[in-house]
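Trainee: Pick one small part of this model and take me through it closely, please. I'd like to hear how the charged side chains sit and what lies around them.

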Amino acid sequence: MRAKAVTTEIMCNLASSGNISTSLKQFGLDNETKQLLVVFINTTNQDIETVLNILNGKRSENIDISSFTNIEKIKQVYRIQDEELKSSGIVNAISTRISTFDCQ
């Protein structure tokens, strides 16, 4: 583990680099954030309710993430070329980069 908290470690592993501050810039929040995906890991209902009370928004149990995904931004962050997408989907391209990151 590179980060001190599981939540930061998840963000770090999603990022295109192993740098924690870069990960926080790419996947962190700021005052302009309009959409947020919250993933609860090993939490109680009370923890979930606490988070939902802090957030100003609506809860959606089943969502289609692709409806608010910026594919061009994803391609830029993960350095995915259009040629690669001809033989592999975007999810496969991202998964490959994340899974092989420590091997680079």
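Mentor: Let's start with Lys 75 and Glu 72, which are three residues apart in helix H4 and are therefore separated by about one helical turn. Helices here are DSSP runs of H or I with at least four residues, strands are runs of E with at least two, and both are numbered from the N terminus. The two side chains form a salt bridge, with the closest N and O atoms 3.3 Å apart; the cut-off is a side-chain nitrogen of Lys or Arg within 4 Å of a carboxyl oxygen of Asp or Glu.

Before going on, a caveat: this is a predicted model, where local features need pLDDT of at least 70 and side-chain atom pairs count only at pLDDT 80 or more, while totals for chains, interfaces and linings use all residues. Residues are numbered from 1 along each chain as its sequence is written, and side-chain values use heavy atoms, with hydrogens and water left out.

The two partners have quite unlike surroundings. Lys 75 is buried, at 11% relative accessible area, whereas Glu 72 is exposed, at 52%. Here buried means under 20% relative accessible area, exposed means over 50%, and partly exposed is in between, with a 1.4 Å probe and protein chains only.

Now follow the chain out of H4 (71–77) into the loop that leads to helix H5 (82–87), where Arg 79 lies. Arg 79 has a phi near 55°, a positive value in a residue other than glycine. That's worth a second look, because most residues other than glycine have a negative phi. Arg 79 is exposed, with a relative accessible area of 62%.

Ile 80, in that loop between H4 and H5, is another story: its relative accessibility is 5%, so Ile 80 counts as buried. Setting aside neighbours within four places in sequence, Ile 80 is in contact (heavy atoms within 4.5 Å) with Lys 75, Leu 85, Ile 90, Ala 93, Ile 94 and Arg 97. Note that Lys 75, our starting point, is on that list. As for Ile 94, its C-alpha is 8.2 Å from that of Ile 80, although the two are 14 residues apart along the chain.

Moving into H5, you'll find a similar salt bridge: Lys 86 pairs with Glu 83, with the closest N and O atoms 3.3 Å apart. Lys 86 and Glu 83 are three residues apart in H5, so about one helical turn separates them. Lys 86 is exposed, at 67%, and Glu 83 is exposed as well, at 54%.

Arg 97, already met as a contact of Ile 80, forms a salt bridge with Glu 84, and there the closest N and O atoms are 2.7 Å apart. This pair links distant parts of the chain: Arg 97 is in helix H6 (residues 90–100) and Glu 84 is in H5, 13 residues away. Arg 97 is partly exposed, with 22% relative accessible area, and Glu 84 is partly exposed too, with 25%. Back at the starting point, salt bridges with shared partners join Glu 72, Lys 75 and Asp 82 into one network.

To put that in context, a search of the whole structure finds four salt bridges. The protein has six helices and zero strands, and buried residues, Lys 75 and Ile 80 among them, make up 14% of its 104 residues.
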